[in-house]
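Student: Hey, got a minute to go through a protein structure with me? I'd like to know how to read it.
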Amino acid sequence: MITTTSLDPSVPAPPLPGGTVTVRRTTQPTARPHRRVHASGSCAPAGRRPRHPRAACAAGPAGAATAGPVPHDARALAARFAHQLVEVLTGARPAGQLMRHTSLDGYGQLAALVRAGALRRGGPADRPRLGPVHDRSPSPDAVEACVRVDLGRRHHMVAFRLEQRGPAGQWRCTAVEAR
């Protein structure tokens, strides 16, 4: 018969009657810490990006609050908006989802294009394919872009203008045109 005890190794095991062998566990299981503490004393490694995207906008590289609009990547901004705009124009996304990203005039133009069916699909299998987005920044707070959209055998061009407006510097679409 073997019994297991987790006694302190410095204390001798009591003799057991009948020739029973006692096995001692010399090392106690240790629990892993929930978070690793690094040499800097913080739990997160240096250079790790914050989890919440707006946390990065709140403070600059030295931890000071930034004043004014943040510099943008015009090409990436135009490409993201072009993709969303084509989804709305083809009917894959409701136009209301772009309402907060458009000015009043821009939304009116977008709604008119959706009603007219500017980028109507030929069938359910026709998925829009976007060509390269051509963008231009006439000023630091504006981006004008156009993209070729292939829908089956038909080709369309979509052009739009994004402007940085308001105290927060949010980008809004102020003009949309499709042919």
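Tutor: Sure, let's start at a turning point: just after helix 2, G91 takes a positive phi of about 90 degrees. Keep in mind that this is a predicted model.

Student: OK, and which residue in helix 2 should I look at, say one with a side chain that reaches a backbone oxygen?
Tutor: Try T90, which lies in helix 2. Its side chain reaches the backbone oxygen of V86 at 2.9 Å.

Student: Is T90 buried or exposed?
Tutor: T90 is buried, because its relative accessible area is 11% and the cut-off for buried is under 20%.

Student: What other residues of helix 2 are buried?
Tutor: Quite a list: A74, L77, A78, F81, A82, L85, V86, V88 and L89 are buried along with T90.

Student: And what do they pack against?
Tutor: The buried residues of helix 2 pack against helix 3, strand 3 (129-139), strand 4, strand 5 and strand 6.

Student: How does the span of helix 2 compare with what it should be?
Tutor: It agrees: at 1.5 Å a residue, its 17 residues should span 24 Å, and the end C-alpha atoms are 24 Å apart.

Student: Let me zoom out. How many helices and strands does the protein chain have?
Tutor: The chain comes to 3 helices and 6 strands. From the N terminus on, the order is β-β-α-α-α-β-β-β-β.

Student: How much of the chain is buried?
Tutor: Buried residues make up 23% of the 179 residues.

Student: And what about contacts between residues far along the chain?
Tutor: Take the contacts between residues at least 6 apart in sequence: 40% of them join residues at least 24 apart.

Student: Back to the inside. Which residues touch the most other members in the largest nonpolar core?
Tutor: That core has 27 residues, and the ones touching the most other members are L85, L89, L119, V158, F160 and L162. The elements giving two or more residues to this core are helix 2, helix 3, strand 4 (142-151), strand 5 and strand 6.

Student: Which of them gives the most?
Tutor: Helix 2 does, with 9 residues.

Student: You listed L119. What is L119 in contact with?
Tutor: Leaving aside neighbours within four places in sequence, L119 is in contact with V86, L89, T90, V149, L151, H156, V158 and A178. So T90 turns up again!

Student: Ha, nice. How many aromatic pairs are there?
Tutor: The structure holds 1 aromatic pair. The rings of F81 and F160 have centres 5.3 Å apart and planes at 55 degrees, so the pair is tilted.

Student: Where do F81 and F160 lie?
Tutor: F81 lies in helix 2 and F160 in strand 5, so the pair ties together parts that are 79 residues apart in sequence. Both F81 and F160 are buried.

Student: New topic: helix 3. What's its length like?
Tutor: Helix 3 (residues 104-116) has 13 residues and reaches 18 Å from its first C-alpha to its last, close to the 18 Å expected.

Student: Which of its residues are buried?
Tutor: G106, L110, A111 and L113. Seen down the axis of helix 3, its buried residues fall within an arc of 160 degrees, so they line one face.

Student: Why can residues a few places apart point the same way?
Tutor: An α-helix has 3.6 residues a turn, so residues three or four places apart point the same way.

Student: And what packs against the buried residues of helix 3?
Tutor: Helix 2 (74-90) and strand 6 (170-178).

Student: What about the face turned away from the buried side?
Tutor: That face carries the exposed residues L104, D105, R115 and A116. Then, just after helix 3, G117 takes a positive phi of about 70 degrees.

Student: Can we look at a residue in strand 6?
Tutor: T174 lies there. T174 is buried, with a relative accessible area of 12%.

Student: What is T174 in contact with?
Tutor: Apart from neighbours within four places in sequence, T174 is in contact with S103, D105, G106, Q109, R161, E163 and R165.

Student: Last one: what about Q164?
Tutor: Q164 sits in strand 5 (residues 154-165) and is buried, with a relative accessible area of 14%. Its side chain reaches the backbone oxygen of G169 at 3.1 Å. The C-alpha atoms of Q164 and A142 are separated by 6.3 Å, though these residues are 22 apart along the chain.

Technical notes
Residues numbered from 1 in each chain as written. Predicted model: local features only at pLDDT ≥ 70, side-chain atom pairs only at ≥ 80, totals over all residues. Heavy atoms only, no water. Helix = DSSP H or I, 4+ residues; strand = E, 2+ residues; numbered from the N terminus. Buried < 20%, exposed > 50% of the residue type's maximum accessible area, 1.4 Å probe, protein only. Polar contact = N/O pair within 3.5 Å; in protein donor to acceptor, adjacent residues only side chain to side chain. Expected span 1.5 Å × (residues − 1). Arc of directions from axis to C-beta. Contact = heavy atoms within 4.5 Å. Phe/Tyr/Trp six-rings, centres within 6.5 Å; stacked < 30°, edge-to-face > 60°. Core = buried A, V, L, I, M, F, W, Y, C linked by side-chain atoms within 4.5 Å.
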